Amino acid sequence: MQVKGLRLPAAPPRVRVFGDEDLHATLCFFGAVEETDARRAWTQVERFPSLRPVRGTFGEIGALGHPKKPSALAAIVADGSDVLTAMILEARAPLLAAAGARPDDRPPLPHMTIARVQRRASGDERRKALAWKDAIDLRDASFQASDVALYTWSSDRQARLFDIVERQQMRA
């Protein structure tokens, strides 16, 4: 996902801001599955006709996860949300089933996580994280998603959070 115009103020303690290379929108989250299972599901990506390039903008920064202890701070997609929602609705259930992962029946929420609040954050640190997210201005931020990728955790989490295992351009 290519993102333009995203300017973030300095983050407070216990907030890990994602680097540009870690920014993405999630089509589906496999969770703790074996690599062979994830790769088996990946082979089915080409069969979904709704997967196509999309451009869009963001509306607000949402606090996701547990309502009292949010763990993710995410830019919620505004323009482009309908296209991403259709992609998620078409592909998520079959991909999760192919990987042997738990079903996910939550309504789609197209978003791009920009930061994570660390688990060890105190109540005061969480309040500062929420105030930080409220200070982010997304008016000039936009994105272009032109490929779909299979991610895994990075072996060097100090450098980046994720590694791309496979990537495929989406058809226009």
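## Salt bridges and strand pairing

Ten salt bridges turn up in this structure, which is a predicted model. Let's walk through some of them and then look at the strands.

Three pairs are easy to set side by side, each with the separation of its nitrogen and oxygen atoms.

| Acidic residue | Basic residue | N to O distance |
|---|---|---|
| Asp37 | Arg40 | 2.9 Å |
| Asp134 | Lys133 | 2.7 Å |
| Asp137 | Arg139 | 2.5 Å |

Start with Asp37 and Arg40. Both sit in helix α1, which covers residues 35-42. They are three residues apart, or about one turn of that helix, and their side chains come together in a salt bridge. As for Arg40, its relative accessible area is 41%, so it falls in the partly exposed class, between the 20% and 50% cut-offs.

Next comes the pair of Asp134 and Lys133, whose closest N and O atoms lie 2.7 Å apart. Is each partner buried or exposed? Asp134 has a relative accessibility of 57%, so it counts as exposed, the cut-off being over 50%. Lys133, on the other hand, has 13% and counts as buried because that is under 20%. This salt bridge therefore joins an exposed Asp134 to a buried Lys133.

Then there's Asp137 with Arg139, where the side chains meet at 2.5 Å, N to O. Here Asp137 is partly exposed at 37% relative accessibility, while Arg139 is exposed, with a relative accessible area of 71%.

Salt bridges also link up into a network here. Which residues does the network of salt bridges hold? Its members are Glu35, Arg39 and Glu166.

Now for the strands, with β3 as the one to follow. Strand β3 takes in residues 54-65 and pairs with strand β6, residues 142-145. The pairing is antiparallel and runs over four bridges. One spot to look at is Thr57, whose bridge partner in β6 is Ser142.

Strand β3 also pairs with β4, made up of residues 70-77. In what sense do β3 and β4 pair, and over how many bridges? They are antiparallel, with seven bridges between them. Within β4, Ala74 is the residue that stands opposite Gly62. The two strands form a hairpin, and four residues lie between them.

Put together, β3 has antiparallel pairings with β6 and with β4.

Definitions and conventions
Residues are numbered from 1 along each chain as its sequence is written. This is a predicted model: local features need pLDDT of at least 70, side-chain atom pairs count only at pLDDT 80 or more; totals for chains, interfaces and linings use all residues. Side-chain values use heavy atoms; hydrogens and water are left out. A salt bridge is a side-chain nitrogen of Lys or Arg within 4 Å of a carboxyl oxygen of Asp or Glu. Buried means under 20% relative accessible area, exposed over 50%, partly exposed in between (1.4 Å probe, protein chains only). Two strands pair if DSSP finds at least two bridges between them.
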